[in-house]
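Welcome! Open the structure beside these exercises, try each task yourself, and then read the worked solution step by step.

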Amino acid sequence: MTQIRPRTPPTYEQLRTMAGQELGVSDWTTVDQNRIDQFAECTGDHQWIHVDPERARRQSPFRTTIAHGYLTLSIIGALALDMGIVPENTQAAFNYGFDRVRFLSPVRVGARIRLRTTLLSMEDRGPGQYLMKAANTVEIEGEQKPALTAETLVMLYERRRRAGA
């Protein structure tokens, strides 16, 4: 698959006309045991299937540890920012929510994942405020089935120009 990356971030005006278009594909990132362990520490979710490689080797149907589904979901934000799809003149971007999250395939320790994002809509929410809705697929290298799909909602605030500037 060809990676599509904007050379420069799109403008708000461009995003308003891009519904249905793929915004980009991120680089691959590895989900290693250290990342899984750190997530477990942050969330308190120490279920053995995530943090105990020996037990997972013996008892898990995957024969190895797997990433938390919510870890995989949480990586979407960072990968999207790395793709350069947020307009340069953005003052702030906030998670607004998720729609239609589906965990389709486990991410085994050591797997590489990437994000593929398509713009669904760009809605004006007030002067300089926009609600961006995007379809996201987290792909697992070498596997047909993605790890997850999710529609993200992000509230974007455009940097205001100063009078006389």
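## Exercise 1: The overall layout

Task: Find out how many helices and strands the protein has, and in which order they run.

Solution. Step 1: Counting the elements of this predicted model gives 5 helices and 6 strands. Step 2: Walking from the N terminus, you meet them in the order α-β-β-α-α-α-α-β-β-β-β. Step 3: For the overall extent, the C-alpha atoms fill a box of roughly 65 × 35 × 25 Å along the principal axes. Step 4: Now look at the contacts with a separation of 6 or more: 69% of them join residues that are 24 or more positions apart.

Task: Locate the domain that UniProt lists and describe that stretch.

Solution. Step 1: An unreviewed UniProt entry gives "domain: MaoC-like" for residues 18–126. Step 2: Over residues 18–126, the chain is 34% helix and 32% strand. Step 3: The C-alpha atoms at the two ends of this stretch lie 20 Å apart.

## Exercise 2: Buried or exposed?

Task: Sort T29, L23, V101, R63 and R100 into buried, partly exposed and exposed.

Solution. Step 1: Recall the cut-offs: under 20% relative accessible area is buried, over 50% is exposed, and anything in between is partly exposed. Step 2: T29, in strand 2 (residues 29–30), has 17% relative accessibility, so T29 is buried. Step 3: L23 sits in strand 1 (residues 22–25), and its 5% makes L23 buried as well. Step 4: V101 belongs to strand 3; because its value is 22%, V101 is partly exposed. Step 5: R63 has 49%, so R63 is partly exposed. Step 6: R100 has 62% and therefore counts as exposed. Step 7: To put these residues in context, 38% of the 165 residues of the protein count as buried.

## Exercise 3: The nonpolar core

Task: Which residues touch the most other members of the largest nonpolar core, and which element gives the most to this core?

Solution. Step 1: The largest nonpolar core has 31 residues, and V31 and V107 touch the most other members. Step 2: Two or more residues come from each of helix 1 (12–16), helix 2 (33–43), helix 5 (69–83), strand 4 (112–126), strand 5 (129–140) and strand 6 (148–158). Step 3: Helix 5 gives the most, with 7 residues. Step 4: Zoom in on V107: leaving out residues up to four places away in sequence, V107 touches V31, T65, I66, A67, T72, I113, I140 and A147. Step 5: As a general background, nonpolar side chains in soluble globular proteins tend to be buried together.

## Exercise 4: The largest pocket

Task: Describe the volume and the lining of the largest pocket.

Solution. Step 1: The volume of the largest pocket is about 370 Å³. Step 2: Its lining has 23 residues, and I76, G77, A80, N95 and V154 lie nearest the centre. Step 3: Sorting the lining by class gives 16 nonpolar, 7 polar and no charged residues. Step 4: Helix 5, strand 3 (90–103), strand 5 and strand 6 each supply at least two lining residues. Step 5: Helix 5 gives the most to this lining, with 7 residues.

## Exercise 5: Far in sequence, but in space?

Task: What are the C-alpha distances for V101 and T149, and for L23 and E143?

Solution. Step 1: V101 and T149 are 48 residues apart in sequence, with their C-alpha atoms 5.8 Å apart. Step 2: Beyond its sequence neighbours up to four places away, V101 touches L73, T149 and A150. Step 3: L23 and E143 are 120 residues apart in sequence, and their C-alpha atoms are 22 Å apart. Step 4: For one more set of contacts, go back to T29: again not counting residues up to four places away, T29 touches R35, L79, A111, R112 and I113.

## Exercise 6: Two phi angles

Task: Where do R63 and R100 lie, and what is the phi angle of each?

Solution. Step 1: Start from the general rule that most residues other than glycine have a negative phi. Step 2: R63 lies in the loop between helix 4 (53–59) and helix 5, and its phi is near 60 degrees, a positive value. Step 3: R100 lies in strand 3 and has a positive phi of about 50 degrees, although R100 is not a glycine.

Technical notes
Residues numbered from 1 in each chain as written. Predicted model: local features only at pLDDT ≥ 70, side-chain atom pairs only at ≥ 80, totals over all residues. Heavy atoms only, no water. Core = buried A, V, L, I, M, F, W, Y, C linked by side-chain atoms within 4.5 Å. Buried < 20%, exposed > 50% of the residue type's maximum accessible area, 1.4 Å probe, protein only. Helix = DSSP H or I, 4+ residues; strand = E, 2+ residues; numbered from the N terminus. Contact = heavy atoms within 4.5 Å. 1 Å grid on protein atoms, 1.4 Å probe; cavity = no way out; pocket = protein on both sides within 12 Å on 5 of 7 lines; lining within 4 Å. Points joined across faces, edges and corners; volume = space filled by probe spheres on them. Nonpolar A, V, L, I, M, F, W, Y, C, P; charged D, E, K, R; others polar. UniProt positions renumbered as here; feature names shortened; annotations may be inferred.
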